[in-house]
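Hello,

I'm passing a structure on to you today, and I'd like you to have it open while you read. My notes on what turned up in it follow right below.

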Amino acid sequence: MDFLRSSLLPLLTLLLSFLLFFYFNSISKPSHVGCSLVPYNHYWITSKRIVTPHGIISGAVEVKGGYIISVVNGEHWRGSVKKEQVFDHGEAVVMPGLIDVHAHLDDPGRTEWEGFPSGTKSAAAGGITTLVDMPLNSFPSTVSEETLKLKIEAAKEKIYIDVGFWGGLVPENAFNASMLEGLLSAGALGLKSFMCPSGINDFPMTNASHIKEGLSILAKYKRPLLVHSEIQLDLESYSEFKDGVDDVQSYSTYLKSRPPSWEEAAIRELLTVTKDTRTGGPAEGAHLHIVHLSDASSSLDLIKGAKSSGDSITVETCPHYLAFSAEEIPDGDTRFKCAPPIRDAVNREKLWKALLEGQIDMLSSDHSPSVPELKLFDEGDFLRAWGGISSLQFVLPATWSYGRKYGVTLEQLVSWWSERPAKLSGQELKGGIAVGKHADIVVWEPEMEFDLDENYPVYHKHRNISAYMGRRLSGKVLATFVRGNLVFKEGQHAPAACGVPILAR
């Protein structure tokens with residue numbers, strides 16, 4: 001036996017050496033041909049403005065095998081590095097790629113609205129390296145293990161960035177524990193529900209009872225429930241209002257049809273069940289996240305109170321609520337229709353204040369495109385047009401452009417768009433420029449201005465439906481890296497779509 005050990009040991013050592021040699025050799029080369037616009041994936045990114053968890057530094061980020069393996073402050077990285085393996089970005093900002101936890105890519109089933117290829121190309125061009133796709137607007141809606149598998153299959157070799165998936169909480173599965181557990185076990189990062197009609201037939205609305213059941217299941221998995229928080233009040237009066245309105249082209253008509261009281265009522269009802277998420281509560285481990293908050297008054301006060309009571313709850317808003325106001329929306333311009341609606345300028349100021357003070361936790365795009373015909377541009381009917389802001393490619397420059405007057409910092413952008421979304425979606429390896437994290441990086445020029453006109457390259461499937469077209473913005477994205485692959489650089493995408501579907505385990 002000792003003879004066998006002494007004979008095999010050198011052979012095993014030699015074999016291990018060969019395996020290690022081939023492993024490290026392989027990670028210095030692209031894993032798939034065409035995944036990256038650069039021919040190697042061991043390199044350095046340098047800049048005088050690198051946003052790290054410890055502040056903004058002048059230095060370098062070393063990337064190897066898709067991961068960040070060192071972050072160096074100053075010039076100490078120079079010397080043994082080959083010149084051709086250094087991407088020197090000078091004064092441009094290098095920071096973590098954006099994580100968008102709220103986007104509708106409409107794939108499968110409604111790819112004429114957007115689809116994974118155009119959606120993720122536009123995201124990459126906007127500095128987004130990860131997004132989580134919503135369970136509705138695709139067909140069928142993602143409400144079961146089987147429908148999640150359809151979405152995962154549709155994403156294969158069609159995504160240019162990493163994409164995760166929320167599952168749907170609907171009356172059909174809310175009281176069916178095995179159905180919800182199957183959906184979560186198959187990899188859904190969490191669940192999403194509506195407290196008002198979604199506009200999608202196979203995604204009906206839920207109430208507090210459904211949400212309570214969903215939270216009890218999510219507690220076992222320690223994953224979040226995202227909620228569209230509006231409740232239609234006084235439905236009879238609402239129907240009469242819609243039938244009796246003459247001026248359907250006036251934005252003020254639409255604004256009156258979805259008052260802040262709808263958001264307040266939904267959040268008040270939600271808080272009857274979020275107390276279960278407190279430490280020691282029956283749903284401890286679950287988390288509730290309120291999506292696209294528009295009302296910065298009573299609704300926000302309720303959320304602040306719940307947080308102070310120990311409820312596990314967060315809230316997001318979107319750049320379009322921070323960029324636009326009701327007073328400036330032209331009659332008939334249904335590009336601006338969304339739900340909840342863009343409110344007045346006073347409310348916008350309150351939203352900015354809440355965001356800057358940390359009462360609003362993060363930002364998302366709520367990218368929600370459609371075919372142009374559904375926007376009813378010829379009629380300009382705000383009540384009948386499809387609602388949704390098309391925005392994926394523009395959220396970084398929009399946040400920066402409209403936030404500069406409020407003194408928004410680069411570190412705040414990283415908190416709102418990278419760090420906190422990473423935590424919500426359970427992505428520990430994303431959201432920061434630090435050793436061991438995925439090399440998900442955006443390089444952009446905050447001072448560079450550009451016009452979103454007919455000559456500007458836009459990668460959304462339907463550029464004309466975006467409310468941002470015609471605007472002048474600051475903050476041009478120069479390059480986007482996903483897991484070390486350079487997937488976008490100054491108007492060019494990588495030849496192959498090598499983004500990774502993200503599944504919870």
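Helix α5 covers residues 177–185, and Met179, Leu180, Gly182, Leu183 and Leu184 are its buried residues. Please keep in mind here and below that this is a predicted model. What do the buried residues of α5 pack against? Their partners are three helices and two strands that you can pick out by number: α3 (145–155), α4 (171–174) and α6 (208–221), together with β9 (167–168) and β10 (191–194). A general point helps when you look along such an element: an α-helix has 3.6 residues a turn, so residues three or four places apart point the same way. Just after α5 comes Gly187, with a positive phi of about 120°.

Next, have a look at Pro224, which sits in strand β11 (residues 224–228). Is Pro224 buried or exposed? Its relative accessibility is 5%, and because buried means under 20%, Pro224 counts as buried. Along the chain, Pro224 and His287 are 63 residues apart, yet their C-alpha atoms are separated by 4.5 Å. His287 is also among the residues in contact with Pro224, and the others, leaving aside neighbours within four places in sequence, are Trp166, Leu189, Gly190, Leu191, Leu218 and Leu424.

From there you can move on to Asp295, in the loop that runs between β12 (287–290) and α10 (298–308). This residue is buried but has no salt bridge. Which side chain of opposite charge is nearest to Asp295, and how far away is it? That side chain is Arg343, at 5.2 Å. The cut-off for a salt bridge is 4 Å between a side-chain nitrogen and a carboxyl oxygen, which means that a pair 5.2 Å apart does not count. The side chain of Asp295 does have a polar atom 3.1 Å from the backbone nitrogen of Ser297. Setting aside residues up to four places away in sequence, Asp295 touches Arg343 itself, along with Pro260, Glu263, Leu300 and Asn347.

Now for the charged pairs. In general, side chains of opposite charge can pair when their charged atoms come close. The count here comes to 25 salt bridges, and a few of them are worth finding on your screen.

- Lys48 and Glu91 form one, with their closest N and O atoms 3.8 Å apart. Lys48 is in strand β1 (residues 42–52) and Glu91 is in the loop between β4 (86–88) and β5 (93–96), so this pair ties together parts that are 43 residues apart in sequence. Glu91 is partly exposed, at 46% relative accessibility.
- Arg471 and Glu328 meet in another, at 3.6 Å from N to O. Arg471 belongs to the loop between β15 (441–451) and β16 (472–482), and Glu328 to the loop between α11 (319–323) and α12 (345–356), so the parts tied together are 143 residues apart in sequence. Both ends are partly exposed: Arg471 has 22% relative accessibility, and Glu328 has a relative accessible area of 33%.
- Glu357 and Lys353 make a salt bridge at 2.9 Å, N to O. Glu357 counts as partly exposed at 46% relative accessibility.
- Asp162, Lys430, Asp440 and Arg483 are joined into one network by salt bridges that share partners.

Helix α12 brings us to Ala345, which is found in it. Ala345 is partly exposed, with a relative accessible area of 24%. Apart from residues up to four places away in sequence, Ala345 touches Ser325 and Glu327. The C-alpha atoms of Ala345 and Leu322 are separated by 9.2 Å, with their positions 23 residues apart along the chain.

Two more places deserve a visit. Pro53 lies in the loop between β1 and β2 (55–64) and is partly exposed, with a relative accessible area of 46%. Not counting residues up to four places away in sequence, Pro53 touches Ile433 and Ala434.

Which residues make the nonpolar surface patch of about 250 Å²? They are Tyr67, Ile69 and Leu429. Tyr67 has its place in strand β3 (residues 67–73), and at 36% relative accessibility Tyr67 counts as partly exposed.

Enjoy exploring, and write back with any questions.

Best wishes

Note on methods. Residues numbered from 1 in each chain as written. Predicted model: local features only at pLDDT ≥ 70, side-chain atom pairs only at ≥ 80, totals over all residues. Heavy atoms only, no water. Helix = DSSP H or I, 4+ residues; strand = E, 2+ residues; numbered from the N terminus. Buried < 20%, exposed > 50% of the residue type's maximum accessible area, 1.4 Å probe, protein only. Lys, Arg positive; Asp, Glu negative; His and termini not counted. Polar contact = N/O pair within 3.5 Å; in protein donor to acceptor, adjacent residues only side chain to side chain. Contact = heavy atoms within 4.5 Å. Patch = residues over 30% accessible without salt bridge, like charges linked within 9 Å, V, L, I, M, F, W, Y side chains within 5 Å. Areas by Shrake-Rupley, 256 points an atom, 1.4 Å probe, with all protein chains shown as cover.
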